[in-house]
Amino acid sequence: LDIRSRGEYNGTANPYSYIFTKGRIDGAVWADSGGDDAMHMPAYLNPDGTIKPREELRALWSRLQVCPDPSAGPCAVYCGTGWRSALGTLVGLDLGYEMRNF
């Protein structure tokens, strides 16, 4: 589960000077941070920094087909530094998924 910006996911953006590869891990599903860069996650966070309501996030994950089969085992989340994947992991746990943060 790739929770980075679309540009990072597509390989057209790389905001980290110390990460030399671009694009995504083969088979990764994009979880749409909603941001254009590595510092913002408007799809998950309200303007005041609080996490969006559970049902809104459940609808987002359903639309994106994020972890569509919870019985298939843990859903692994990654980003560039870990803060976005940590948020995605917390959201997934709150939605009832078994999660792993990478």
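Biologist: Before we start, what counts as a strand here, and which strand holds Asn101?

Modeller: A strand is a DSSP run of type E with at least two residues, and strands are numbered from the N terminus. Keep in mind that we're looking at a predicted model. With that in hand, Asn101 is found in strand E2.

Biologist: Okay, so in what order do the elements of the protein chain run from the N terminus on?

Modeller: The protein chain has three helices and two strands. Reading from the N terminus on, the order is α-α-β-α-β.

Biologist: How does the radius of gyration sit against the globule rule?

Modeller: For 102 residues the globule rule gives 13 Å. The chain is close to that, so it is as compact as a globular protein of that length. Its C-alpha atoms fill a box of roughly 35 × 35 × 20 Å along the principal axes. The radius of gyration itself is 13 Å.

Biologist: Back to strand E2: is Met99 buried or exposed?

Modeller: Met99 is found in that strand, which covers residues 99-101. The cut-off for buried is under 20% relative accessible area. Met99 has 7% relative accessibility, so it counts as buried.

Biologist: Which residues does Met99 touch, leaving out those up to four places away in sequence?

Modeller: One residue to set aside is Asp48, as its C-alpha is 26 Å from that of Met99. The contacts of Met99 are Leu1, Trp61, Cys75, Val77, Gly88, Thr89, Gly92 and Leu93.

Biologist: And Asn101, is that one buried, exposed or in between?

Modeller: Buried would need under 20% and exposed over 50%. Asn101 has a relative accessible area of 39%, so it is partly exposed.

Biologist: How far is Asn101 from Ser85, C-alpha to C-alpha?

Modeller: Asn101 touches Ser85, along with Val77, Gly82, Ala86 and Thr89, not counting residues up to four places away in sequence. Asn101 and Ser85 are 16 residues apart along the chain. Their C-alpha atoms are separated by 6.1 Å.

Biologist: Let's look at the largest pocket: which lining residues are closest to its centre?

Modeller: The largest pocket holds about 180 Å³ of space. It is lined by 14 residues, and by class these are six nonpolar, four polar and four charged. The closest to the centre are Arg4, Ile19, Thr21, Gly23 and Tyr78.

Biologist: Last one: how much of the protein chain's accessible surface belongs to carbon and sulfur atoms?

Modeller: Of the 102 residues, 42% count as buried. The accessible surface comes to about 5,900 Å². The share of carbon and sulfur atoms in that surface is 54%.

Key
Residues numbered from 1 in each chain as written. Predicted model: local features only at pLDDT ≥ 70, side-chain atom pairs only at ≥ 80, totals over all residues. Heavy atoms only, no water. 1 Å grid on protein atoms, 1.4 Å probe; cavity = no way out; pocket = protein on both sides within 12 Å on 5 of 7 lines; lining within 4 Å. Points joined across faces, edges and corners; volume = space filled by probe spheres on them. Nonpolar A, V, L, I, M, F, W, Y, C, P; charged D, E, K, R; others polar. Helix = DSSP H or I, 4+ residues; strand = E, 2+ residues; numbered from the N terminus. Rg over C-alpha atoms; globule rule 2.2 N^0.38 Å. Buried < 20%, exposed > 50% of the residue type's maximum accessible area, 1.4 Å probe, protein only. Areas by Shrake-Rupley, 256 points an atom, 1.4 Å probe, with all protein chains shown as cover. Contact = heavy atoms within 4.5 Å.
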